[in-house]
Amino acid sequence: MGVHRVLRHVRPALAFALALVCVARRGHAQDVVSAPVNVTEPPAAHPGTPAPAPPGVAAPAPPAPPAAPPSAAAPEKPAVDTWGTDDAPAAPPAAPEKTTEEVPAGDITCPCPSDDKKAPTSQSVRYTLEGVEVRGNTRTRARVVLRFVPFKQGDIFDVDDPEVELSRYRLLGTGFFRDVQFSLRKGSSRGLVVLVIDVVERNTVVLNDVRMGISADADTQGNRRPLTAYAGLDAAETNLLGTGITLGGAMAVAQNQLALRVRFLDPAFLGSSWMTNGTLLYNDAKDFFGNAGVLRTDDPGTMGSNSDSAVVNYKRFGGSLGIGRDLSISTQFWLNYRLETIDANYPLEASHLRGFRREPIDFDIVRGRSVLSTLRATLEHDTRDHPFLPTRGWHASVTAEVGLLPFASDYDYQRFEVSASHWWHLPWHDHVLRLELFGGAISGNAPFFEQYYIGDFSDFLPSRVLGVNFDRRPAPNFLGTDIVEVRYGKYAFKIAGEYRIPLFRGHRSIYGIDLFGSAGIYGVAGDRDISSPPVGYSGLSQIPVDLTGNLGFRMDTSAGGFVFAFSNVFGFVPVRGKGPAGGQQ
Amino acid sequence: MASNSAEATPLPWRATRRGHWLVVALTWLVVLLSAGNARAQEAQDQEPTDTVTRDARFEFDEGTGLLYLDGLLFRDIIDPALQSKLTRGLPTTIVLSAAIYRAGTPTPLSTTVQSCKVTWHVWEEAYFVEVTRPGSTRSSWTTTVEGVLRRCTEIHRLLAGDLTQIPRGVELLAAGKIQVNPVSAELLQKIKRWVMRPSATGTAAPGDALFSTFTGLFLQRIGDAERQQKFTTRPSLPVVFNSKNQ
């Protein structure tokens, strides 16, 4: 088919798109060309190209010297076609250039080898690896670098193997290095090469999390206080002593509350593909119970006194050990064992108005010292295209946890959770839609801090940080249900959607700013909320569900990802519905 | 351990509330200022990637009815840093893709592309250069960077269209981009997914507020190519010749 005929039938816009696709394919189609195809000479005639060896053949003999290697002293043969011939070559090689006829048989819009069987394609250049050399690593151990490189001594190394570039990005993705470059140098004999990996190390102390906010809590006597501030910080050294091990710490602080964490993660336990992690935790915290008309008694024989909340003061100390493994590039499995001692004290007796009825407050924690021992398994699947401003993909996890009563645990419970989020890139203006689903259930006697807390589901209340609860307020209750009577529950669900509008995209300092708005419905319920709903509610209002929503900006910056949301402020606007007995504000 | 001193001497409510609003206001001020500063910085950063006007000419072969793009040079793309990388033994690909426009109109009339792959053969100490253009692929050896630049960064007689696409006697211009080591969408997706879950590094978990402290830095550097420049040429009338008479 002639060029004219082809061009006549190809629309320009389509041709442009096809050409771009072909270029992209061209850049990588050569990666999969296993045998050289050249219409003028057999592959072996190409100087400098070691004889191709089939995969799996170990350390083949170095190829024979080429018949006509290029030489700086030899004149370079000028090109003979219609392009690139108007200037003299500087240092021509002796080997002849190989070319095909210009514009022979159509295919004008797509020079892809796979599309034009008549056109010659590139040779696959292969060597035998004599070794892998790591340079520039002053702190990071070479074995840590080699962990990310799938090539080893004796391998057949194809310079077009996409794994080469992928390995480079893997090393960059560790966060250990500012720059990574691969190169080849001659080995000890012809056909042998050494793969040289040049790295430039970077600071590996990273700030993972910063949180600040305001909350409404109560003092240790349960009397409400004006707004108080809270803050959290999480930082880590991700390449401890150049071993690739992460050692991190986190802290959350509010008035009369403190939480500390120390954690480590070894991504290659004893050089294997298994990961291990560990956490040490310490919480000196309090929590606030009671909806309305709280009466509490601290000493036996004394009359109960009124307060805004019944406060639990508790300390947690312990840790966890886990082992994990990558099941695929996007799927990971973890198994964690946790052991904690808990020391809790709270009013001897306390009651509150639940609906119209006065009921005792169940603090869901053992008074004095107790032990918590659990085993947790988590399967996580993550195909998002970006960690902070994803535009497509899934992020889903399934978690199962059991309290190990035989191992001295005072809490016998089982938990099962499923969560999933999916992002869609919408066809107009790069807008993004996210759908989020969560469902969880706990059976048994879980301590309150292991149960579902409404603040973790409603955007109008501060969520817990490192397990510490900063706020005494009930849920907003937009729907007028008995959600206002619930603080902790053993059953929870959430369905929410988020719409994101990109406002700015950059390459430095600030990578992206998106305006987002979200809305959803959630529910949190305890056993009693199901078996014995609070008096004063009827019909659908006995279902403890409510609406949540948020509005703000997500910013992805060189300093990290930030969320500036207004729901925390909205949460202080007194528009929420109260319970029939008048829930606290 | 949290201190109880604040509880013993509580601040007046009014002062506390004023303090909170001050913190909130300062926070927003810092954010807005940093955003504004970043925008200014972005403007500076993005200057080099703006469209560059390059010299080129068109030649129209009356004998064959083909239009050629000629004399388009972009040696400056291969700066000394990239030149030094050419001898690393791994392929470097330089791709030019362009669309031909009638001057003053936004719809492309035709398209063209040239891909140049350079591989340094460590044992031969020479570059193997493969240039792919519409309808042809050409391989050659050279021992110098100059030879590479001449083959890969100088466009001569690149087929760009024919009579069925290009009207006679009109001013034309070419616009497109030059990429060094373009990354395929498939590989890019694979890279990003892996970086998204750097499980072998165990750093911050996705969802952490500042998860992208390091991954974001890296992710943003993964573009469509190691280097990319958009270009356009000045409008010009094609020079007419007849290859059958030559």
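Colleague: In this predicted model, where is B:R157 found?

Modeller: B:R157 is found in the loop of chain B that runs between β9 and β10 (158-162), and its phi is near 50°, a positive value in a residue other than glycine.

Colleague: How should I read a phi of that sign?

Modeller: The general idea is that most residues other than glycine have a negative phi. A second case in this structure is A:D430, whose phi is near 60° and is again positive in a residue other than glycine; A:D430 lies in the loop between β19 (413-425) and β20 (432-444) of chain A.

Colleague: Is B:R157 buried or exposed, and why?

Modeller: A residue counts as buried if 20 or more other C-beta atoms lie within 10 Å of its own. Because B:R157 has 20 other C-beta atoms within 10 Å, B:R157 is buried, whereas A:D430, with 13 C-beta neighbours inside 10 Å, counts as partly exposed.

Colleague: What can be said about A:A396, with its 16 other C-beta atoms within 10 Å?

Modeller: That count makes A:A396 partly exposed. The residue has its place in strand β18 (residues 393-403) of chain A, and, leaving aside neighbours within four places in sequence, A:A396 is in contact with A:H381, A:S419 and A:A420. The C-alpha atoms of A:A396 and A:L437 are separated by 9.2 Å, although these two residues are 41 residues apart along the chain.

Colleague: How do I read burial for a whole strand, such as β11 (residues 172-182) of chain B?

Modeller: Nine of the eleven residues of β11(B) are buried, so this strand is largely enclosed by the rest of the structure. Strand β5 (residues 92-102) of chain B pairs with β11(B) in the antiparallel sense over nine bridges, while seven bridges join β11(B) to strand β12 (residues 225-233) of chain B, again running antiparallel.

Colleague: Which residue stands opposite B:K177, and which is the bridge partner of B:K177 in β12(B)?

Modeller: B:S97 stands opposite B:K177, and in β12(B) the bridge partner of B:K177 is B:K230.

Colleague: How many residues of helix α4 (residues 145-152) of chain B are buried?

Modeller: Six of the eight residues of α4(B) are buried, so to speak of the helix as mostly covered is fair. Among the buried residues are B:V148, B:L149 and B:C152, and the buried residues of α4(B) pack against β5, β6 (108-121), β7 (126-133), β8 (136-142) and β9 (154-155) of chain B.

Colleague: What is the general idea behind a nonpolar core?

Modeller: In soluble globular proteins, nonpolar side chains tend to be buried together. Here the largest nonpolar core has 67 residues, and those that touch the most other members include A:V193, B:L69 and B:C152. To this core β5(B) gives the most, with seven residues. Apart from it lies another core, of 30 residues, among them A:Y230 and A:V468.

Colleague: Which parts of chain A call for caution?

Modeller: Where pLDDT is low, the predicted coordinates should not be read in detail. Chain A averages a pLDDT of 75, and 72% of the residues score at least 70. Among the elements of chain A, helix α2 (residues 12-29) has the lowest mean pLDDT, 38, and β20(A) has the highest, 96. Over residues 1-121 of chain A the pLDDT is below 50, and this stretch has 243 contacts in the model beyond near neighbours in sequence.

How values were computed: Residues numbered from 1 in each chain as written. Chains lettered and ligands numbered in written order. Predicted model: local features only at pLDDT ≥ 70, side-chain atom pairs only at ≥ 80, totals over all residues. Buried ≥ 20, exposed ≤ 12 C-beta atoms within 10 Å, placed from the backbone. Helix = DSSP H or I, 4+ residues; strand = E, 2+ residues; numbered from the N terminus. Pairing = 2+ DSSP bridges. Contact = placed C-beta atoms within 7 Å. Core = buried A, V, L, I, M, F, W, Y, C linked by C-beta atoms within 7 Å. pLDDT = per-residue confidence, 0-100.
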